Amino acid sequence: MVITRKIFVLFLLVYSLAPEAIGQRNKIYSNMSLDELLNIDVVVTASKKPEDLFETPLSVTIIKKDEISKSGVTSIPEALRLSPGLIVREITPGNYDVHIRGYDDISKNAYLTLPYNTSTLVMIDNRIVYSYFTGGTFWEIFPIDLNDIERIEVVRGPASALYGPNAVTGVINIITSHAGKQGMNITANGSLGNNQAKSATANIGYNWGDKTKLSFSGNFTERRRFNVEYFDYTTQSYTSLEDQNMLLWAAKDETSDEIWTFKEFQQQLGAYYDQDISLRKSGANLFFYHSFSEHSILDISTGAQNSQSQKTGFLNFATPLSQLNSKSYYLNSRFKQKNFNGQFNFNSGQDLSNYKFNSLKYTNIDATLEYYKQFNEFSIRPGISYKYSNYNSPITYSEPFSLTTLNYQFKDESRTMKSYAASLLTEWKPSPKLRIIAAARMDKFNINENYSINYEFASTYRINKNNLIRLVYSRANRSPFIFDTYLNSNLKLNMAFQPEYNKAQINVPINLNIMANKNLEFPVVRSQEISWRTKLKSNLSLDYELFFSNAKNFIVSDVYREARIVQQLNLNNEVDSIISMGGKGDVIFENFDLKAHQYGCSFTIIYQPSDQINVRFFGTYQKTKITGRTETEFNITNLNLGEIKDNGTRTIYASSFTNPTQWSEKLTPSFYGGFYVNYNREKWNFSTDAYASASQRFIDFDYNNVLSDYSGIFTNYFMDIKSNMVLNAKVSYRINKHTTSYATLKNILGSHREFGFSDQIGTLFLISLKWEL
């Protein structure tokens with residue numbers, strides 16, 4: 001349930017005026033003025049109950065509806081640039097990758113080539129929106145838009161003890177708003193801009209005395225690419241789609257030496273691109289809320305979305321950008337009955353890649369039940385949870401995966417993951433100033449023999465009404481995924497090989513068994529944090545955080561191979577030519593003895609010199625150090641030199657091991673942060689915001705070499721992203737009581753690239769009109 005700030009402030013006020021009834025435990029609030037009480041910000045994500053933001057035991061930032069509306073942001077992931085501790089990169093126009101505090105490159109599934117975030121948990125009204133196929137959050141498939149949001153709460157630091165696996169670096173909880181005032185509520189917004197950018201949102205609802213609320217929302221967004229070239233791995237340059245080259249030298253069939261060209265491969269697979277469109281999405285939602293009594297509440301939402309996007313994804317054997325068409329729908333229901341809180345959500349859809357073997361269909365079901373009980377200075381919140389995830393994808397079928405069988409179709413061969421969890425959240429307040437919280441959660445997955453055990457200890461000490469210190473120690477882990485649990489098909493390649501001793505190419509058949517591992521250790525992060533919140537003046541506050549963490553149990557797909565090489569020798573028994581080659585092997589998902597250590601600090605300064613001016617500066621500095629890392633290596637584990645036959649030939653048998661390690665601490669920028677400034681005067685509002693990040697290096701490697709090259713020479717591709725700042729500005733004018741016009745200029749400093757091997761992001765100018773009732 002979303003509790004309004006007025007109700008919470010009233011609760012605090014009554015609490016502070018009744019010291020005899022509550023044993024003076026909220027004496028801090030009784031010393032506050034009425035203005036101070038009315039300016040309290042309420043947060044619910046940090047401890048699963050509404051509380052003063054100043055008091056939260058974890059590092060939390062609230063991005064408010066008013067700030068989102070006045071700033072120059074145009075999407076939900078872009079709005080996260082208003083919070084400290086978040087790395088937000090625009091891959092192609094409108095498509096984003098978001099991380100909390102880094103660990104970008106080392107926490108992902110090692111088999112995937114680019115660093116989609118798998119360690120931050122995102123929720124919409126406590127409904128988890130996360131892909132359990134390969135991990136991560138796909139922002140373009142959200143059915144809601146900015147117009148639906150009341151606020152966004154960002155929790156920095158591990159929170160898996162509260163919300164389950166995958167909240168390894170933090171939680172982002174998007175809280176929706178609907179029919180906030182009594183009677184009819186209507187909001188409509190439309191925008192047009194250069195590069196054919198367009199968007200429209202509408203929210204229509206009715207509020208019956210705050211007891212019953214019903215509303216409908218819809219949204220549409222389209223963003224086009226600023227350039228239409230694609231990165232080509234083989235030439236290490238940007239070219240037209242027609243000039244792309246295949247990354248894997250795949251033969252067309254098992255008996256032919258003829259190799260697929262990109263055009264032929266694309267035509268055979270039907271992997272065509274809408275080259276101009278970066279993002280096109282639409283969504284619709286229905287929200288219903290009813291309060292039967294003070295202690296009995298029902299909150300239901302349902303919706304659907306349809307989207308098309310171009311972004312980095314699975315390997316498509318040519319260029320990093322793939323096109324994804326997604327459709328999905330959801331049902332989310334929450335209830336409160338006295339001390340019980342429950343939630344059930346259902347989500348189903350399909351993500352269809354233009355490379356069909358990378359497509360999938362899915363169904364996710366989550367159910368949670370918690371009981372809350374307060375005992376004077378102590379409270380407990382035990383809970384149980386159930387998760388069901390079903391994914392259907394051609395790359396997890398038992399049928400061998402071969403590049404000579406391109407057009408895979410969906411079959412009745414889905415993979416299912418179930419988990420059961422028990423949790424306990426306790427809180428003890430031994431004095432008005434001291435607060436101690438302990439939380440623990442254990443999850444058991446049916447596809448893994450290991451238990452997911454997460455815990456958290458947090459304490460706050462409020463020195464006085466203007467100063468508070470927080471201490472946190474936590475452990476959080478990632479969950480198993482369908483991909484690295486069930487990807488155990490065969491990868492059959494016919495490689496065209498040009499040896500040094502041959503004038504002609506040799507057909508090299510390669511047969512690799514993809515050996516997923518059901519019992520991998522979960523990647524885990526342990527974190528310690530100390531932070532300080534202070535109000536230096538009534539209009540000036542500072543939030544400062546120091547954090548340290550270490551991570552282990554990373555996963556890599558090691559390659560074990562056996563090669564057979566037939567050589568033709570000359571009269572001096574020297575190699576004259578290679579007659580034939582062949583190979584077989586296993587690609588096995590394994591835990592790698594790698595550890596990462598991160599330390600850093602974040603700050604937020606909020607200054608409000610007057611009612612018309614609001615200023616926020618924030619930033620994060622961090623360093624990550626990796627130990628136990630090795631470069632991509634090729635090791636001969638066994639070599640058998642066969643006897644020389646009478647015809648002068650010799651057959652060599654060689655066993656080898658390849659560790660395609662590509663982890664790098666250079667991917668996480670050492671600094672990221674920004675500012676937000678807003679000035680309001682009568683009918684005018686002026687706003688500017690900026691987001692800056694230090695230089696980064698994206699690393700990829702040549703899969704052709706990893707899978708087929710017996711020379712032991714490997715090529716790591718990398719792209720350096722320069723330090724950059726995204727600067728936006730927005731001016732609005734209220735025409736009348738119901739109508740406001742906007743002009744927004746985004747990326748004022750010009751075109752730049754934020755994500756490796758992807759698009760340039762250009763300057764965007766938008767004109768918007770908003771109507772409210």
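This talk goes through a predicted model, taking its cavities, a small sheet, its salt bridges and a surface patch in turn.

Good morning, colleagues. I shall begin with the interior. The model contains 17 cavities of 30 Å³ or more. The largest cavity holds about 670 Å³ of space. Which elements give two or more residues to its lining? They are E7, strand E16 (296–312), strand E17 (321–337), strand E18 (340–353), strand E19 (360–371) and strand E21 (378–392). E17 provides the largest share of that lining, with six residues. In total, 44 residues line the largest cavity, and those nearest its centre are Ser131, Phe138, Ile141, Leu324 and Asp351. On the general principle, rolling a probe the size of a water molecule over the atoms shows where empty space is left.

E7, one of the lining elements just named, also belongs to a sheet. That sheet is open and has five strands in the order E3-E8-E9-E6-E7, with mixed pairing. Its edges are strand E3 (59–64) and strand E7 (127–128), each of which pairs on one side only. As a general reminder, strands of a sheet pair through backbone hydrogen bonds, either parallel or antiparallel. Strand E6 (residues 120–124) and E7 run antiparallel and are joined by two bridges. Methionine 123 has isoleucine 128, in E7, as its bridge partner.

I turn now to charged contacts. The structure holds 31 salt bridges, and I shall describe a few of them. Glutamate 370 is a useful starting point. It forms a salt bridge with lysine 48, in which the closest N and O atoms are 2.6 Å apart. This pair links distant parts of the chain: glutamate 370 is in strand E19, whereas lysine 48 is in the loop between strand E1 (42–43) and strand E2 (51–52), 322 residues apart.

Glutamate 370 also forms a salt bridge with arginine 381, and here the closest N and O atoms are 3.5 Å apart. Because arginine 381 lies in strand E21 and glutamate 370 in strand E19, the pair ties together parts that are eleven residues apart in sequence. Is this pair buried or exposed? Both arginine 381 and glutamate 370 are buried. For glutamate 370, the assignment follows because its relative accessibility is 9%, and buried means under 20%.

A further salt bridge brings together the side chains of arginine 697 and aspartate 720, at 2.7 Å from N to O. Arginine 697 is in strand E39 (residues 696–701) and aspartate 720 is in strand E40 (residues 716–721), so that the pair links distant parts of the chain, 23 residues apart. Arginine 697 is partly exposed, with a relative accessible area of 23%. Aspartate 720 is likewise partly exposed, with a relative accessible area of 44%. In addition, salt bridges that share partners join Lys49, Glu51, Glu427 and Arg435 into one network.

Finally, I come to the surface. A nonpolar patch there is formed by Met184, Ile204, Tyr206, Trp208, Leu214, Phe216, Leu286, Trp771 and Leu773, which together have about 820 Å² of accessible area. Strand E11 (198–208) and strand E12 (212–224) each supply at least two residues of the patch. Which element makes the largest contribution? E11 does, with three residues. Tyrosine 206, one of the patch residues, is found in strand E11. Tyrosine 206 counts as partly exposed because its relative accessibility is 32%.

Thank you for your attention.

How values were computed. Residues numbered from 1 in each chain as written. Predicted model: local features only at pLDDT ≥ 70, side-chain atom pairs only at ≥ 80, totals over all residues. Heavy atoms only, no water. Patch = residues over 30% accessible without salt bridge, like charges linked within 9 Å, V, L, I, M, F, W, Y side chains within 5 Å. Areas by Shrake-Rupley, 256 points an atom, 1.4 Å probe, with all protein chains shown as cover. Salt bridge = Lys/Arg side-chain N within 4 Å of Asp/Glu carboxyl O. Helix = DSSP H or I, 4+ residues; strand = E, 2+ residues; numbered from the N terminus. Buried < 20%, exposed > 50% of the residue type's maximum accessible area, 1.4 Å probe, protein only. Pairing = 2+ DSSP bridges. 1 Å grid on protein atoms, 1.4 Å probe; cavity = no way out; pocket = protein on both sides within 12 Å on 5 of 7 lines; lining within 4 Å. Points joined across faces, edges and corners; volume = space filled by probe spheres on them.
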